[in-house]
Amino acid sequence: MKFTTKIFILAFILAPISIFSQNGSIEVEVIDSVQIKATSFEYILTLEDDYESYAVEELEEDAKMNEIKVKNAQKMKLNNLETFLKNKKYKYTSLSESNLETNNKFNIFKVNDGFRVSLASFEELKKLSIEVKELDKVSGTIGKTTYQDKSQFEEELIKKLIEKAKIKAQTIAKYSNLTLGKIIEIKETKEVDNANFNFMDMIMKLDKRKNFSSALDVQNSNYTKAIVVKFKAE
């Protein structure tokens, strides 16, 4: 049996269970989501590590010269990167300054200078990510992403959840020889407090991850909500 098959069998076993109680009600747990779009992005451009090492036993003068050489080379690359951003008219800010790290026998000058680029659309992000591939020893990483306001999707999501709960409860009533009545209680479930929902969410994310084509799969996000709905049943 494949690993993914085992996961989904386990997910089915642990999935939220619909409950029929003796007090004339059917209670179901449902979870669903709506997709919201990204409205802005940050793209972090950094210089790839350019190490130059020297043994501790070397003369102090040689060590200082080596340090100066590395810093000057990185400064030139940083200037070239900034010139590129200016010419392309990107909006950007500088990252933190370079730092010196010591690793046992060797002093390693590890430079992580770069820029934080603000982008107003996914198209701009995609364009910049392609342009970065043409640059020498520059890496791009997606930073903070801003999405649409969740509140405008609240009604749509609640409607989906209630419809889903009705279908689930109707099925239970049908095979229990009961007549489903009106909703008598709705409770929102915090996913962070619900092990079943958390497990299912993890499974869905793992399954989706294998379909990711690139790090640019951030243009959409899921707004997820879980509720418990109790229906009268006779």
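## Two cores and a one-sided helix

Start with the outside of helix 4: on the face turned away from its buried side sit the exposed residues Glu-155, Lys-159, Ile-167 and Lys-174. Keep in mind that this is a predicted model. The buried residues of helix 4 are Leu-157, Leu-161, Ala-165, Ala-169, Ile-172 and Ala-173. Looking down the axis of helix 4, you'd see these buried residues fall within an arc of 135°, so they line one face of the helix. That fits a general rule: an α-helix has 3.6 residues a turn, so residues three or four places apart point the same way.

As for its length, helix 4 has 21 residues and spans 30 Å from its first C-alpha to its last, close to the 30 Å expected at 1.5 Å a residue. And what lies over its buried residues? The cover includes strand 2, strand 9 and strand 10.

Those strands also pair up with one another. Strand 2 and strand 10 run antiparallel and are joined by 13 bridges; Val-30, for example, stands opposite Ile-227 in strand 10. Strand 9 and strand 10 are antiparallel too, with seven bridges joining them. Here Ile-183 has Phe-231 of strand 10 as its bridge partner.

Phe-231 deserves a closer look. Is Phe-231 buried or exposed? At 2% relative accessibility, Phe-231 counts as buried, since the cut-off for buried is under 20%. Setting aside neighbours within four places in sequence, Phe-231 contacts a list of residues that includes Ser-25, Ile-26 and Val-28, the helix 4 residues Ala-165 and Ala-169, and Leu-180, Gly-181 and Ile-183. The C-alpha atoms of Phe-231 and Gly-181 are separated by 6.0 Å, although the two residues are 50 apart along the chain.

Now for the other side of the story, the largest nonpolar core. This core has 20 residues, and those with the most contacts inside it are Tyr-43, Leu-45, Leu-85, Val-117, Leu-119 and Leu-128. Strand 2 (25-47), helix 2 (60-87), strand 7 (114-119) and helix 3 (122-132) are the elements that give two or more residues to it. Strand 2 makes the largest contribution, with five residues. Apart from this core lies another, of 17 residues, among them Leu-157, Ala-173, Tyr-223 and Ile-227. Leu-157 and Ala-173 are also among the buried residues of helix 4.

Val-117 gives a good view of the largest core from the inside. Not counting residues up to four places away in sequence, Val-117 touches Phe-41, Glu-42, Tyr-43, Leu-45, Leu-85, Tyr-90, Lys-91, Tyr-92 and Leu-128.

Two of those contacts, Phe-41 and Tyr-92, turn up again in the aromatic pairs. How many aromatic pairs does a search of the whole structure find? There are two, and here they are together:

| Pair | Distance between ring centres | Angle between planes | Type |
|---|---|---|---|
| Phe-41 and Phe-122 | 6.2 Å | 55° | tilted |
| Tyr-92 and Phe-115 | 5.3 Å | 80° | edge-to-face |

Phe-41 in strand 2 and Phe-122 in helix 3 are 81 residues apart, so their pair links distant parts of the chain. Tyr-92 in strand 4 (residues 91-94) and Phe-115 in strand 7, 23 residues apart, make a link of that kind as well. Phe-41 and Phe-122 are buried, and Tyr-92 and Phe-115 are both buried too.

On to some backbone oddities. Most residues other than glycine have a negative phi. Lys-137 is not a glycine, yet it has a positive phi of about 55°. Lys-137 lies in the loop between helix 3 and strand 8 (138-147), and at 36% relative accessible area it is partly exposed. Asn-177 also has a positive phi of about 55° without being a glycine. Asn-177 is in the loop between helix 4 (154-174) and strand 9 (180-189); with a relative accessible area of 73%, Asn-177 is exposed.

Stepping back, the protein has five helices and ten strands. Of its 234 residues, 32% count as buried. Long-range contacts feature throughout: among contacts between residues at least 6 apart in sequence, 84% join residues at least 24 apart.

Methods. Residues are numbered from 1 along each chain as its sequence is written. This is a predicted model: local features need pLDDT of at least 70, side-chain atom pairs count only at pLDDT 80 or more; totals for chains, interfaces and linings use all residues. Side-chain values use heavy atoms; hydrogens and water are left out. A nonpolar core is a set of buried Ala, Val, Leu, Ile, Met, Phe, Trp, Tyr and Cys residues joined through side-chain atoms within 4.5 Å. Buried means under 20% relative accessible area, exposed over 50%, partly exposed in between (1.4 Å probe, protein chains only). Contact means heavy atoms within 4.5 Å. Rings of Phe, Tyr and Trp (its six-membered ring) pair if their centres lie within 6.5 Å; planes under 30 degrees apart count as stacked, over 60 as edge-to-face and the rest as tilted. Two strands pair if DSSP finds at least two bridges between them. The expected span of a helix is 1.5 Å times one less than its number of residues. The arc is that of the directions from the helix axis to the C-beta atoms.
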